[in-house]
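Hi everyone, thanks for making room for me today. I'd like to walk you through one protein, stopping at a few spots along the way. Here it is on the screen.

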Amino acid sequence: MGKDIESIELKVLVLEDSIRDMELISEMLSDAGYNLDLTHVEDEFGFTSALKKSDYDIILSDFKLPGFDAFGALEISRKICPEVPFICVSGSIGEETAIELLKLGAVDYVLKDRPERLPFAVKRALDEAKKKTAHLKSIQDLQESEHRFRQVAETAHEWIWEVDKNGLYTYVSSVVETLIGFSPEEMVGRNYFYDSFIPEKKEELKNAAFEIFSRKETFRNFENQNIHKNGNIVILSTSGSPILDKDGNLTGYRGVDEDITEQRRAEKALSESEKKFRKLFQNHAAVKLIIDPENGKIVEANLAAIEFYGWSLNELQKMNISQINTLPQEVLQKEIEKALKKKKVQFEFKHRKVDGSIVDVEVFSSSIKIGGKLFLHSIIHDISERKKAEEKIKLLNRAIESSSISVVITDRVGTIEYVNPFSENATGYSFNELIGKNPRILKSGNQPNEFYEDLWNTILSGKNWEGEFHNKRKNGQLYWEKAVISPIVNSEGVVTNFVAIKEDITERKRILKELVAAKEKAEESEKLKSAFLANMSHEIRTPMNGILGFAELLKEPDLSGEQQKYFISIIEKSGARMLNIINDIVDISKIEAGQMRVEKKETNINEQLEYIYNFFKPEVEAKAINFSLHCALPVGEAYLITDREKVYAILTNLVKNAIKYTDTGSIEMGYLLKTEPASDNTRAGYQLEFYVKDTGIGIEKDRQEAIFERFIQADITDIMARQGAGLGLSIAKAYVEMLGGNIRVESEMGKGSVFYFTIPFSNYNGKQSNIDIENRNNENGFQQNNLKAIIADDDKFSAKLLSIELSKFCNEIIFAETGAAAVEAFGKNPDTDLIFMDIQMPEMNGYEATRQIRQFNTDVFIIAVTAFALAGDREIALDNGCNEYISKPIIKDELKTMIQKYLHKRITKPSISKMENDLR
Ligand code: ADP
């Protein structure tokens with residue numbers, strides 16, 4: 001025994017007042033092999049404080065102590081440490097007392113007179129205490145586990161229950177109250193699981209449950225509808241397992257209930273909303289298809305789609321979208337992928353209908369998941385009408401963009417919102433320069449404010465405005481635009497914009513103006529022609545009457561020589577006057593026809609002026625008017641290259657007019673040398689300014705320009721007063737201009753007129769010309785009478801007439817009747833000075849004869865003579881080698897001129913050849 005307890009440590013509390021007994025106990029236990037840790041106390045206080053201070057394996061207590069006893073100690077120790085064994089070690093105590101102690105919790109008692117029992121008692125007490133502690137622990141564990149289970153059951157969301165084999169609840173977790181409204185107390189031992197089932201299903205569900213019970217099966221998600229204490233229906237999903245006794249007999253079921261009311265309600269709501277959406281899809285007014293993107297199959301089509309495409313739902317559901325979409329399948333597939341990946345949602349396609357027609361559609365596609373699979377949901381709009389409208393708009397737009405008419409759109413305050421490209425051309429401003437501006441940037445300022453006010457009033461009242469703008473381009477150039485401005489009114493009747501359509505009419509206006517001017521001119525010249533014809537008629541009739549009348553008178557037998565002479569002189573004058581008129585008409589016709597040529601040669605202007613002066617001197621003096629001549633240059637310097645004939649004609653005309661329109665006073669003629677700035681500003685040129693000044697009737701200011709027009713006379717009413725056809729000045733003007741000068745008049749009514757004209761004097765070098773002018777007197781004085789001439793004419797009368805006049809200058813005249821005869825005559829008389837060559841001759845005409853003569857002689861002066869003065873005759877004559885040209889009847893003056901020209905040629909020949917050389 002000693003061996004068994006040898007190594008055991010023992011912590012002992014001993015309550016003993018006797019030292020001897022105390023030692024005895026210690027000895028006994030030590031002897032028994034206990035390794036003692038002994039605490040000795042002698043009274044209540046010591047005992048209580050020792051217990052409170054530390055734990056003991058065992059308590060040994062004397063029965064009787066002064067003021068304290070084992071009953072008291074037992075009571076205290078049971079309170080402080082009930083699990084520590086308490087043994088009473090005493091002298092003899094009665095059996096009853098001992099039993100009483102054992103009843104109160106002491107584990108044993110040992111009599112002091114039998115101390116050898118103590119170690120056994122201690123051992124037994126310790127063993128029992130150990131057992132008791134183990135038992136207590138298992139109870140504690142069980143309690144903890146139950147507590148844990150309960151806690152789980154009570155806090156779980158699900159209702160946990162147990163029923164007996166009849167279905168009576170033996171346990172319910174408190175969640176039940178939140179699920180069906182009844183407390184566990186109301187349920188356990190009182191309710192069967194089927195009591196709360198809804199009446200209409202109670203039997204069915206109960207049977208089904210007991211069916212499972214009978215098979216002792218575990219079941220899951222048994223759905224049952226229950227009535228909540230408040231009357232609502234609660235749907236529970238029940239799962240359970242059977243409880244079996246050790247023999248495998250069913251004692252009950254244990255399980256959980258889950259509230260699935262909300263879940264079922266949500267499912268119902270979902271299915272209802274699904275139904276609703278299906279209905280929405282089916283009945284939606286828009287055409288809708290659901291397509292399987294994997295194969296393009298049409299899965300669903302709504303009623304609108306059926307109606308739109310014309311196929312039944314059944315047919316559509318067998319079709320592939322590629323049978324509707326006109327795109328090639330592989331292209332279409334790519335588009336479907338774009339829609340699936342949400343890269344694109346809007347498409348424009350062409351769709352085929354059941355009748356084969358193709359329509360433009362706009363498709364909005366999106367992917368949707370149905371049952372976990374992706375589909376394409378497409379909404380299809382028929383946009384064929386819109387397309388057509390768009391095409392129309394495009395067409396209109398193209399028309400406006402390419403139009404050569406300006407189109408401008410402004411907002412209602414006139415700010416430009418759009419201009420077509422032509423507007424840029426028209427205004428010179430670019431699109432960007434015009435946008436946002438007001439069209440007033442084009443204002444030229446030439447139209448009054450009222451003009452624009454009227455425009456605005458018209459268009460703001462909703463009416464169209466039409467009118468013409470005088471506008472200014474960016475570059476400052478002015479132009480005319482014909483415009484129509486229309487207000488654009490919205491559906492509420494409010495003006496929102498204005499559209500201006502404008503056409504450039506500058507050119508049209510210019511042409512119109514020209515046409516009007518031309519028309520006026522035509523009317524004017526028509527009037528003038530009538531006046532001219534009346535005038536002409538008078539002009540021609542008067543001399544004609546003179547000729548015929550006096551020719552008639554000449555027939556009278558008894559006329560004196562004087563009378564005859566007088567009559568003949570009248571006939572001559574009348575003839576000359578008529579010839580004048582005819583010459584003027586021929587000249588003006590040539591000028592008009594552009595056939596008047598300029599023939600420039602060197603001429604001495606002083607000599608010409610002197611000639612004219614001398615010629616008219618008698619006539620002027622006969623009117624008792626002073627006549628004077630002023631030449632600015634000395635005769636030796638007065639050479640210029642010009643058309644002598646024309647200068648002569650101009651001067652003659654002016655002098656004739658001066659004489660005609662001057663009755664008293666003087667006529668002055670002359671020229672001045674003037675420098676004029678050269679057009680290229682490099683070299684100053686010279687010009688001669690000729691003038692003819694008279695103290696005659698003068699010309700009204702407002703007619704001073706018109707008199708240079710054809711057929712114009714300063715005073716039409718004065719036609720009869722002074723003879724004239726109104727051609728002289730217009731011929732003069734034409735000639736002056738041909739020669740490179742200009743003509744003007746300065747005049748005052750009643751005081752007189754000065755006519756000025758200029759002629760370029762480009763060859764003037766300010767030096768004395770080296771021409772030999774010794775013979776000038778001869779020439780001027782017409783004292784020449786020793787010339788030799790040939791008259792070639794088949795008309796003997798003409799030849800005779802000419803020879804009579806010519807005899808004043810010639811001492812020898814040879815006649816030839818054909819061209820050949822003329823050539824021959826000249827061959828025989830190479831010293832001939834002049835040949836008068838009629839053009840119209842038999843055998844060989846005058847031109848041919850001239851050409852032949854020119855082959856061997858270039859000096860002889862050949863004058864072509866024609867019966868009719870025709871345009872171009874002179875040129876032809878000169879081309880054929882003639883020096884001059886004259887038309888029949890040859891009058892004395894002209895003959896004189898011819899002779900003078902010949903003589904001049906003879907004198908100036910060296911200088912001319914020199915000049916010709918220079919020119920070459
Ligand atoms: P006309 O043959 O009528 O003189 P012109 O063409 O020479 O034709 O002159 C036109 C008109 O100019 C004349 O009719 C005359 O009215 C006016 N006129 C011309 N020269 C003079 C002048 N020196 N003094 C006054 N009027 C003149």
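Let's start with a loop. Between helix 12, which covers residues 329–340, and strand 15, which covers 346–352, you'll find K342. Its phi is positive, about 60°, although K342 is not a glycine. Is K342 buried or exposed? It counts as exposed, because its relative accessibility is 59%, and the cut-off for exposed is over 50%.

Before we go on, please keep in mind that this is a predicted model.

There is another lysine to put beside that one. K216 sits in the loop between helix 8 and strand 10. Phi of K216 is near 55°, again a positive value in a residue other than glycine. K216 has a relative accessible area of 38%, so it is described as partly exposed.

Now let's step back and look at the whole protein. How many helices and strands does the protein have? The secondary structure comes to 27 helices and 34 strands. Along the principal axes, the C-alpha atoms fill a box of roughly 235 × 75 × 60 Å. The radius of gyration is 76 Å, whereas a compact globule of 920 residues would have one near 29 Å. Of those 920 residues, 43% count as buried. If we take contacts with a separation of 6 or more, 57% of them are between residues 24 or more positions apart.

Next, let's look for empty space inside. Rolling a probe the size of a water molecule over the atoms shows where such space is left. Counting cavities of 30 Å³ or more, we get seven. The largest cavity has a volume of about 200 Å³.

Who lines that largest cavity? There are 17 lining residues, and W161, F193, F197, T238 and D257 lie nearest the centre. By type, the lining divides into twelve nonpolar residues, four polar and one charged. Which elements each supply at least two residues of this lining? They are strand 8 (159–164), helix 8 (199–215), strand 10 (219–227) and strand 11 (233–244). The largest share comes from strand 10, with four residues. You may remember helix 8 and strand 10 from a moment ago, as the two elements on either side of the K216 loop.

Strand 11 (233–244) also brings us to our next stop, T261. This residue lies in helix 9, which runs over residues 261–283. T261 is buried, because its relative accessible area is 12% and the cut-off for buried is under 20%. Leaving aside neighbours within four places in sequence, T261 is in contact with I233, V234 and I235. With I235 we can be more specific: the side chain of T261 reaches the backbone nitrogen of I235 at 2.9 Å.

My last stop is F708, in the loop between strand 27 (685–694) and helix 21 (728–738). Is this loop residue buried or exposed? F708 counts as buried, because its relative accessibility is 8%. What is F708 in contact with, once we leave aside neighbours within four places in sequence? The list is L729, S730, K733, I743, R744, V745 and F755. Take I743 from that list: F708 and I743 are 35 residues apart in sequence, and their C-alpha atoms are 8.9 Å apart in space.

To put the loop residues side by side, K342 is exposed, K216 is partly exposed and F708 is buried. Thanks for listening!

Note on methods. Residues are numbered from 1 along each chain as its sequence is written. This is a predicted model: local features need pLDDT of at least 70, side-chain atom pairs count only at pLDDT 80 or more; totals for chains, interfaces and linings use all residues. Side-chain values use heavy atoms; hydrogens and water are left out. On a 1 Å grid over the protein atoms alone, a cavity is a set of points where a 1.4 Å probe fits but cannot get out, and a pocket is an open set with protein on both sides within 12 Å along at least five of seven lines; lining residues have an atom within 4 Å of a point. Grid points are joined across faces, edges and corners, and a volume is the space filled by probe spheres set on the points. Ala, Val, Leu, Ile, Met, Phe, Trp, Tyr, Cys and Pro count as nonpolar, Asp, Glu, Lys and Arg as charged, and the others, Gly among them, as polar. Buried means under 20% relative accessible area, exposed over 50%, partly exposed in between (1.4 Å probe, protein chains only). A polar contact is a pair of N or O atoms within 3.5 Å; within protein, one must be able to donate a hydrogen and the other to accept it, and residues adjacent in sequence count only if both atoms are side-chain atoms. Contact means heavy atoms within 4.5 Å. The radius of gyration is taken over C-alpha atoms; the globule rule is 2.2 Å times the number of residues to the power 0.38.
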